[in-house]
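Okay, thanks for coming, everyone. Let me put the structure up, and then we'll walk through a few spots together.

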Amino acid sequence: KLQKLDGRSLCKKFMTGSDCDAGTCKHVHVEYAQRPACEMFSVCGMCPRGRECYYPHTTGLLFSADLAVLVTLHVVERAANRLEELLGKGAVTGASRGSQ
C-alpha cells in the first residue's frame with residue numbers, strides 16, 4: 001500500500017527509479033529523505049523489503065512498552081545484561097530472583 005503525502009499518493013514509478021512523466025502524473029514525486037517513514041518498520045522494527053523499501057527506515061526507539069521476561073534462576077544476571085545490550089542502557093529497570 002502506497003503512503004500518502006498531503007492527501008495524495010506517492011508515485012511508485014518515481015520511488016522505484018522508473019520513467020514517469022511528471023507533467024501528467026497525478027501522484028506526488030518526493031525524494032527518499034523527504035518521504036514519510038516506513039509504517040511497517042516504525043511499528044514492528046523490521047520491514048520485509050529491507051533496503052529495497054520505498055520509505056526511510058528510521059532508527060531509535062519509537063515507542064515504549066512494559067515487558068516482563070521470565071528466565072531460570074541461574075541466568076537472571078546474564079539475561080538482564082543481554083537485554084540491556086539489545087534494548088539500550090536503562091531499558092532494564094529491575095531483575096529479581098524469585099522463589100524456586
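Let's start with Y55, which counts as buried because its relative accessibility is 3%; buried means under 20% relative accessible area, exposed over 50%, and partly exposed in between, using a 1.4 Å probe and protein chains only. Before I go on: this is a predicted model, so local features need pLDDT of at least 70 and side-chain atom pairs count only at pLDDT 80 or more, while totals for chains, interfaces and linings use all residues. Residues are numbered from 1 along each chain as its sequence is written, and side-chain values use heavy atoms, with hydrogens and water left out.

Next door, Y54 is buried too, at 15% relative accessibility. How many aromatic pairs does a search of the whole structure find? Just one, and here it is: the ring centres of Y54 and Y55 are 6.3 Å apart with planes at 75°, so we call the pair edge-to-face. For pairing, ring centres of Phe, Tyr and Trp (its six-membered ring) must lie within 6.5 Å; planes under 30 degrees apart are stacked, over 60 edge-to-face, and the rest tilted.

Both tyrosines also sit in the largest nonpolar core, which has 10 residues, including L10, V28, F41 and C38. Such a core is a set of buried Ala, Val, Leu, Ile, Met, Phe, Trp, Tyr and Cys residues joined through side-chain atoms within 4.5 Å.

Now, C38. It's buried, at 4% relative accessibility. Beyond its neighbours within four places in sequence, C38 is in contact (heavy atoms within 4.5 Å) with Q3, C47, C53, Y55, P56 and H57.

So what about disulfides? The count is zero, taking a disulfide as a pair of cysteine sulfur atoms within 2.5 Å. C20 isn't in one: the nearest cysteine sulfur, from C11, is 3.5 Å away. C38 isn't either, with the sulfur of C53 nearest at 3.8 Å. C20, by the way, is partly exposed, at 27% relative accessibility.
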